[in-house]
Amino acid sequence: MAGLKYKRLTRDRAAGRFIAFTFTQTRSSLWLGDDHILFVENSGFTETYKRFYFRDIQTIGLQQTKRGRIWNIILGIFTAIFLAIIITMLPKSSPAHWSGDTIAGGVALGSIWALFVLILMLNVFAGPTCKSFIRTAVQTEEIPSFCRLRQTRKVLAKIRPLIVAAQGQITVEEVSARMQETTTGVAAQPSAPTPADGAAPPILS
Amino acid sequence: MNPVIYCPKCQTRLLDGVFNRAELEPCPNCAAPLQIEVFPAFFRKITPGPPAQAVMLEGESSCFFHPQKKAVVPCGGCGRFLCALCDCEFAGEHFCPACLETGKSKGRIKALDNSRTRYDSIALALALLPVLIFYFTLITAPMTLFVAIRYWKAPRSVVRRTRIRFSIALLIALVQIVGWSIFIINLAAKKS
């Protein structure tokens, strides 16, 4: 296994959302190997690896979230606030008569406003946000770097054929039929604790 | 694990209608847009491993760890004979539990290598961060040199394979050391 070559699937993303700007955050990324996907968590000076072999992947799930829309609203509010400040604070006289302080202040506020506009545009163009999970027989792992729907679907389109090549194809009808069989089989067993019973709710379990 | 799938938002069991669809489908309970791909491994039953068989014939090879059990395979690490119970099959090879543990701790089995220390990042941080309060570089520059030289051949990140960070750290540390040397020499010259 010496000299394994990996192809990057996603860029490094912070694991937490509201700690995105802390210095010691954990960042994670996904890489494609010959027979597995490598999940890399980088906490600055150490890296930890988890391997998801194609033959073992049971499900890949994604759920669209409102996080992108919320950030659009927040950034939009800040953009509007700074624009309002700039408009109200700029003198009514022509720019030729502005003092150095006024120009400096205008440039500073304008830079901050432009920064917010840039971040807002980037957020809009990146598209809707999502949460994604990979499940195997022994674990369900959230993949923080699968955070944008468009990008996640592109990556899924890349790895789906590899998983199918390792496990075989299964049609939608077969999945429905086997899910029904499984549900009947599970219902016949003594009931396991469900999330409503107070057990820790599984994400995809 | 139970062979059922729950909605990641509302934890309702999902029965049908959202699996292997081309587009996002709403959860039947909370309407969260979901797309869930199910693969054949989900329905694969986990079969128990074969039990170890007792030695029946005189002279038959027996397991190193269970002398009453028949050996079925030699360990790929140490060559000891193993019964079906001791046999740990991994990545197409057979190991005894001790060799599997050693392979993991000493990095001999690459597929079990699940963490690496990024000495190149440590060296670069030692070289760069103290520049903000540059008096510290008198101490950190030699430390950077030590880390870069000592761990030059240590296993690097599995995915990022170049030594560019080590090289940059060495360069910065050398510049800092040369700078301090010139400063100290000048100071000594002025005093004398």
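Strand β6 (residues 59-65) of chain A pairs with strand β7 (residues 129-135) of chain A in the antiparallel sense, over 7 bridges. The model is predicted. β6(A) also pairs with a strand of chain B, namely β4 (residues 33-38), again in the antiparallel sense and over 5 bridges. The points below cover chain A as a whole, its strands β4, β5 and β6, and a helix pair in chain B.

**Chain A overall**

- Chain A contains 4 helices and 8 strands.
- Along the sequence, the elements of chain A come in the order β-β-β-β-β-β-α-α-β-β-α-α.
- Of the 205 residues in chain A, 36% are buried.
- Among contacts in chain A with a separation of 6 or more, 55% are between residues 24 or more positions apart.

**Confidence**

- The average pLDDT of chain A is 82, and 83% of the residues score at least 70.
- Residues 189-205 of chain A have a pLDDT below 50, yet this stretch has 31 contacts in the model beyond near neighbours in sequence.
- Where pLDDT is low, predicted coordinates should not be read in detail.

**Strand β6 of chain A**

- In the pairing with β7(A), T59(A) stands opposite R135(A).
- In the pairing with β4(B), L62(A) stands opposite Q35(B).
- β6(A) is mostly covered, with 7 of its 7 residues buried.
- In a regular strand, side chains alternate between the two faces of the sheet.
- On one side of β6(A), the buried residues are T59(A), G61(A), Q63(A) and T65(A).
- On the other side of β6(A), I60(A), L62(A) and Q64(A) are buried, and both faces are covered.

**Residue Q63(A)**

- Q63(A) lies in strand β6 of chain A.
- Q63(A) counts as buried because its relative accessible area is 4%, under the 20% cut-off.
- Within chain A, leaving aside neighbours within four places in sequence, Q63(A) is in contact with C130(A) and K131(A).
- From chain B, P8(B), K9(B), A32(B), P33(B) and L34(B) are in contact with Q63(A).

**Strands β4 and β5 of chain A**

- Strand β4 (residues 36-42) of chain A pairs with strand β5 (residues 46-53) of chain A in the antiparallel sense over 7 bridges.
- In this pairing, E41(A) stands opposite T48(A) of β5(A).
- The two strands, β4(A) and β5(A), form a hairpin with 3 residues between them.
- G44(A), in the turn of this hairpin, has a positive phi of about 95 degrees.
- β5(A) also pairs with strand β9 (residues 115-117) of chain B, in the antiparallel sense and over 3 bridges.
- R116(B) in β9(B) is the bridge partner of E47(A).

**Helices α3 and α4 of chain B**

- Two packed helices are described by the angle between their axes and the distance between the axes.
- For helix α3 (residues 137-150) and helix α4 (residues 164-191) of chain B, the axes come within 9 Å and cross at roughly 140 degrees.
- The crossing of α3(B) and α4(B) is left-handed.
- On the α3(B) side, the residues that meet α4(B) are T137(B), L138(B), A141(B), P142(B), T144(B), L145(B), V147(B) and A148(B).
- On the α4(B) side, the residues are F166(B), A169(B), L170(B), A173(B), L174(B), Q176(B), I177(B) and W180(B).
- By class, the contact between α3(B) and α4(B) comprises 13 nonpolar, 3 polar and no charged residues.

Note on methods
Residues numbered from 1 in each chain as written. Chains lettered and ligands numbered in written order. Predicted model: local features only at pLDDT ≥ 70, side-chain atom pairs only at ≥ 80, totals over all residues. Heavy atoms only, no water. Axes fitted to C-alpha atoms, helices over the stretch in contact; angles between N-to-C directions. Left-handed = near helix turned anticlockwise from the far one by under 90°. Contact = heavy atoms within 4.5 Å. Nonpolar A, V, L, I, M, F, W, Y, C, P; charged D, E, K, R; others polar. Buried < 20%, exposed > 50% of the residue type's maximum accessible area, 1.4 Å probe, protein only. Pairing = 2+ DSSP bridges. pLDDT = per-residue confidence, 0-100.
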